[in-house]
Amino acid sequence: MAMGTVLAWTILLPLVGGVAIALIPQSGSKFARPVALLVTGVVLAMATWLWISFNPADPGMQFEIVRDWVPGLGTAFHLGVDGLSLPMLFLTAFLSLLAVIASARISEFTREYFTLILLLEAGLIGVFIALDLILFYVFWEVVLIPMFFLINIWGGPRRRYAAIKFFLYTLAGSLAMLGGIISLFLATGAQTFDMIALAPQAARLSLAAQTAIFTAIAFALAIKVPMVPLHTWLPDAHVEAPTAVSVLLAGVLLKMGSYGFLRFGPQLLPDGFERLVPLIALLGVVSIVYGAACALVQTDLKKLIAYSSVSHMGYVMLGIAAGTAAGVLGASVQMFSHGLIAGMAFLLVGAYYERAHTREISAFGGTARVAPILAGTLVFMSFASLGLPGMSGFIGEFMVVTGSFGPFTTYSAIAAFAVVLTAGYLLWMLRRVVFGQLNEARADMPDMTRTEAAAIFPLCIATLCIGVFPQVLVGVMEASVESVAKILGA
Amino acid sequence: MELAAYSWVLPLLPLAAFAVVLATGRKLPRQVAPALGITTVGLVFLASLYLASFTASGQEFQASTEWLKFGAVTIDFGILVDPLTATMLVVVAFVSLLVQVYSLGYMAEDDRFRWYYGAISLFTAAMLGVVLSNGWLLMYMCWEVMGLASYLLIGFWYADDKAPPAAMKAFLVTRFGDVGFGLALVIMFLTVGSFTFETVFHSVETHAWAGPTLIACALLLFMGAMGKSAQFPLHVWLPDAMAGPTPGSALIHAATMVAAGVYLVARSFPLFEASPVTLTVVGTVGTITAVMGALIALAMNDIKKVLAYSTISQLGLMFLALGTGSWVAAMFHLMTHAFFKALLFLGAGSVIHATHTQDLHEMGGLWRKMPWTTATWVLGALSLAGIPPLAGFWSKDEILLSALRSGQTAFLVAGLFTAALTAFYMGRATLLAFFVAPGPQSKSAHAHESPWVMTAPLVVLAGLAVTVGLVGSPLMGYAFAGFLGEHEAAEPSLILAGVAVGIATAAIALAWSSYLKGFFEPDGYFRSPVVTKLLSRKFWMDEIYHHGVIRPVIWVSEGLRRTDNAVVDGVVRAVGWVGLRISAVLAVFDRKGVDGAVDSLGNSVTEAGEVRRIHTGNVQTYLMCFVVAVVLLVVVFAR
C-alpha cells in the first residue's frame, strides 16, 4: 500500500469509525467504547508505521497524496507530512487512544460521545497533515464542533458558559483566519489553495500585504495557543470539560495554534512573520510569566494546570519567534512534550476529581498516605512539568532558552528564571494535595485503578524515553526544523 | 579492554535498585530493599577503590558517545575517570555505604523503610553521575536529579508539619541557583559549542574563549554551586532540610551533595583561574558564609541545626580555599569534612534515636549511657575543631596556609576567626549533650546505646576522622595533593599551625569553663540583646526572604489573577454581552431572519434548565449531517 494512502486513512478511519458507532443501535451502546478503542488503536499503529517509514533526512513533504476535490476553486484533497507535522500526527493518535481508554466512566450518550471523540481525532489529524489551505480550514473548523458538544454535554456544572465561550472565541479567530486565507488567495493571484504551490508566490508578496495577511491568521492561531491576552477561554473550557476531552484539548488542540505559526509563518509568509516576531516573542515571554503567576494562586486544581499550559506554551512561542535551529527545535520538542505532560496532568486531576467530586486544592491533603501510586504519579507529573532533566520537558525548555538567548537575551533569561516560579506553583500544589496531614474527608480515597494506570503510565514512559533519548524525537524533526531556521536566518 | 571503561555502569547499579523499589512497592519483601541498596553501593565502593588505584598509577580514562545531534551540532555524553573523580567516587560510595548500614538500625521501625532505601539509592546514582560525567550538561542533568532525591528525602516524613515546606524550600532555593548553572551552559554552548570539559578547557587555554562571556559563565556556574552548597545568601534551605531522616541528612546534607558545589568549582577551575575576579567573588562569598554560619551555630539549641550551620560554615571555608586559588586544599577539606561530618550527624542520629529529642538542653550526661556514641562523637568534634593530629587539623591548615600564601589577609583572619568559633560551638554542643549533668527537662534517663549496626559505622568513620588527614599532610609528603596532580606543595608554616591550634584550644577551654565548670555563665553572650536577636534569628534571613520575595510574588500573582478575571476576561465578557444585546435588538426587528443555528445558540445562552435535551437533539441532527458528509468524502476519495 502506498504510504500516502495510509496517511489518508489516519483521517478516514476515525471518520468511518465514528459513523459506525453512530449507527450502532441504542441497545448496543456498550460496544461504542470497544469500537473506539479499536479505531484509535489502529490509527496509532498507522501513525507508528508512518514514523518508521519516514525518511528523517528529507526536509520536505513525504507520503504526499492528492485527490481532486473542488477543482474549479483551486482546492484539492492534498495531504502530506514533514518533520514538523509527523510528531503532531503521532501525538494526536497516541493521546486519542489514551483518551478513549480514560473515558471508561462515560455512561450517558456513549455512542454520541465516542463518535464525537473520533470526529475530533480526525479533525485534529487533518489540521496537521492538510496541505491545502481550504482543507486545512475545514479541518480547523471540524475540530471546533465536536469540542463544543463534548464540553457542552458531558462537561461540569458551568459547561454551557464554557462551551459557548470556547465556541465564540475560536469562531472569531476562525473568521479572521478565513479572511486571511482568502486574501492570500486573491493577493497572490495564484489559482490554487495548495500550500506548497502557493509558497513561492506568497513569499513574493509585499511586506505590507504579508504583514496584514499574517496578522489576520496569527490572530486565530494566537487564540488557539493561547497567547496572553487571548487565553481566557482556556481555564473555563478546561475546568468544565470532561477529563478525556481536557487531555485532547491541552495535549493537542493548543498545538494547532503553534503548528500553524510554523506552517503559515516561515513557510508561507516569512516577511510578515518576521515583522511580527518582536510581538510574538514578547507575548511568549509574557505568557510564560503571567501563566505561571496565575497558576501560583489558583485554588482550583484544574485551573492551576490550565494556567500552567498557558505558561508552557509560552516557551513554544518564544522558541518559534527566536527562529534559530535550537529555538524552533526546542519549540517542536516542547509541543510534543507538553502534549504528554499536560495529558498526564489532566488524567491525574480527573482521577482526583472523581474521588472527591471537588477540584479545590484545600479539599485534599496527605493523599500520599491513602493513594500512594496516584500521589506518586502526581509528583512524577509535577517534576516532568517543571522541567526536571531526564524527562521531556527539560529538553524542550532548555533548547528554547538556548535558541532564544542570541536573538532575545533578556527574554531568554526571564524564561530561564521562570522555571523557579513553575517549580513554585507545582511544589506548592504537591505540598497541599499530596503531602501534609491526611484530610479526613479523603480517608477512604481509593488508589489508582488499572484503567487509569493504562491511560497514564504510557505517558510517563514516553516522557522518560524522550528525556533520556531525545534523539528519537529530534531525529525526525531536525531536517524540517533546519529548513525552517534557514528561511528565517536568510 | 580497560576495566575503567565500564565505569559508566556504576551509577546504573543504585539506579536499578531504585527502579526495583519503585516498581514493586509493598510487594517487595521488607529486607530486600536495603539488601539491594547496600549490595549495589558496596559494589560501587569496591569499584571506586579500584579506580582510585587505577588513577593513582597515573592513568585516566575518558569515553563519549553521541547523545543528541541536529544540523551541525553534536552533543556527546561521556565519562571521565581521573584522580578528582576517583576521590569523589570513594567518598560518595563509602559514606553512602556506611549510611545505608547505619539506617538498618535507625530506620528499622519506619513504615516506609523500602522507599527510604529507594530514595537513598536514587540519590547515590545521581551523585555518581555528577562526579563521573565528562561534561557540564550531563553533570547538570544528574545534578538536578540529585535535587529531586534531596527533595524526596527531606520530605520523607510528609505528614510532619515541617518536612513538606522544608522540602519545597530546599528545591526552590537550589533551583534558583541552578538557573545560573543552566544559563552558564547556554553561554558555553553558544560560545564554544560544546559542553565537554576537555574541549572547553582547550578553548580557555588557547584564549579562544575569553572576556566577559567567560566571566559571566564562571559566575553563573558558581551561582549553581552556591545553591547546592548552601552559600550565603542561598544557604537558608539547609537548616530546614534537617526535617528529613538523620542518616539521610548525614549523607546528602552534610557529606556529599552539599559538597557538589565545591566539586563543581574545582572541576571547572580553569574557567575561574582565567578571570581572577571570579575567584575573588568565590572567596568572598565563602568567607562571609564561613563566618556567618559559625556565628549562628553558636546560638542553636537543636543538635542537628548546630551541625547544619557548621556544614554551611565549613563549605564556606572550602569556597574560601577555592578563592585563594587552591582547589586542592578545598578538595582535601571536602574529603575530611565528609567523613567527620557524616560521623557527627550519625552520632547525632544515635543520640536522637536514644533520647527522642533534638534539643541540646534536653540531653546531658549521655556519656555514661552511650559510651561508643560519645567516644566517636568526641573524636569527630575534635577533628572538626582542628585539633592535631586529627584529619580536620590537616585540611583546615592547608586552607589557612593557602590564604596566607595568597596574601589575602582578610581571608586568613576570617579563616582563623571561623576556626575559633567552630571549636567553641562544637565544645558547647559536645558538653551540653554528653557531659553536663542532666537538667530537669533532660530525656537522657532512659537512653541506651544504639545497636551495633549503628555504632559500627560510627567507629569506622571515627577511625577515618582521626587518620584520613594524614594522606594530605607533610608527614606523608602531601600524597593527596600529589594524587590530584599538584606536586609543588606550599611551604608549611609552623607559626600559622601553632596559632590555629592555640586559638582552637583556647576556644574549647572557654567552652569547657563555661558549660561544664560554670566559671562563666553558659550562653553568656546572650546577655547582649542585640547579639541574642541577631544570632537566634539567624540574621533575619528567613524573614527577609519571606517579606522581600515570597510575599511580593504572591501579592503580584494574586493581582494578576484578579486582573485576569476582571479586566482581561472582563473585556471578553463585555464583548459577548454587547453582542447579545445587539442580537436581541435585531431579533425584535427581524424575528424571522434569525436562522435556526443562531436561534439554538441563543437558546442555549439564555435558557436555563433542561437544555441538555435540546442539545442532544442538536447533536443527533448534527451527527446525521456528519454521517452523510463522511459517506460523500469516502466516495470522493475512493473514486
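This briefing walks through a predicted model of two chains, A and B, topic by topic. The predictor gives the complex an ipTM of 0.94 and a pTM of 0.92. Chain A has 19 helices and two strands, while chain B has 26 helices and two strands. Let's start with the overall build and then zoom in on some individual spots.

**Chain A as a whole**

- Chain A, with its 19 helices and two strands, has a radius of gyration of 21 Å, close to the 23 Å that the globule rule gives for 490 residues, so chain A is as compact as a globular protein of that length.
- If you lay a ruler along the principal axes of chain A, its C-alpha trace spans about 70 × 60 × 40 Å.
- Of the 490 residues in chain A, 67% count as buried.
- Take the contacts in chain A between residues at least 6 apart in sequence: 80% of them join residues at least 24 apart.

**Chain B as a whole**

- The C-alpha trace of chain B spans about 105 × 65 × 50 Å along its principal axes.
- Chain B has 639 residues, and 55% of them count as buried.
- For contacts in chain B between residues at least 6 apart in sequence, 79% join residues at least 24 apart.
- On confidence, chain B has a mean pLDDT of 88, with 91% of its residues reaching 70 or more.
- Residues 604-615 of chain B are a spot to treat with care: the pLDDT there is below 50, and beyond near neighbours in sequence this stretch has 12 contacts in the model.

**Where the two chains meet**

- The contact between the chains takes 59 residues from chain A and 51 residues from chain B.
- On the side of chain A that touches chain B, helix α17 (residues 409-433) gives the most, with 10 residues.
- Sort the residues on that side of chain A by type and you get 41 nonpolar, 11 polar and seven charged.

**The strand pair in chain A**

- Strand β1 (residues 62-70) of chain A is joined to β2(A) by six bridges, and the two run antiparallel.
- To see the pairing up close, find Val66(A), which stands opposite His78(A) in β2(A).
- The hairpin of β1(A) and β2(A) has four residues between the strands, and Gly74(A) takes a positive phi near 75 degrees there.
- Strand β2 (residues 75-81) of chain A is mostly covered, with seven of its seven residues buried.
- Thr75(A), Phe77(A), Leu79(A) and Val81(A) point one way from β2(A), Ala76(A), His78(A) and Gly80(A) point the other way, and all are buried.

**An enclosed helix in chain B**

- Helix α14 (residues 303-323) of chain B has 21 residues, which at 1.5 Å a residue should span 30 Å; its end C-alpha atoms are 30 Å apart, so the two figures agree.
- 21 of the 21 residues of α14(B) are buried, so this helix is largely enclosed by the rest of the structure.
- After α14(B) comes Gly325(B), which has a positive phi near 95 degrees.

**Cis peptide bonds before proline**

- In chain A, the peptide bond from Val228(A) to Pro229(A) is cis, with omega near 10 degrees.
- You'll find Pro229(A) in the loop between α8 (207-224) and α9 (233-240) of chain A.
- In chain B, a cis peptide bond joins Phe232(B) and Pro233(B), with omega about 0 degrees.
- Pro233(B) lies in the loop between α8 (212-228) and α9 (237-240) of chain B.

**Positive phi in residues that aren't glycine**

- His356(B) isn't a glycine, yet it has a positive phi of about 55 degrees.
- Look for His356(B) in the loop between α15 (327-355) and α16 (366-369) of chain B.
- Is His356(B) buried or exposed? With 11 C-beta neighbours inside 10 Å, and 12 or fewer being the cut-off, His356(B) counts as exposed.
- Tyr478(B) is another residue other than glycine with a positive phi, near 50 degrees.
- Tyr478(B) sits in the loop between α20 (452-467) and α21 (479-483) of chain B.
- Tyr478(B) has 23 other C-beta atoms within 10 Å, so it is buried; the cut-off for that is 20 or more.

Conventions
Residues numbered from 1 in each chain as written. Chains lettered and ligands numbered in written order. Predicted model: local features only at pLDDT ≥ 70, side-chain atom pairs only at ≥ 80, totals over all residues. Contact = placed C-beta atoms within 7 Å. Rg over C-alpha atoms; globule rule 2.2 N^0.38 Å. Nonpolar A, V, L, I, M, F, W, Y, C, P; charged D, E, K, R; others polar. Pairing = 2+ DSSP bridges. Expected span 1.5 Å × (residues − 1). pLDDT = per-residue confidence, 0-100.
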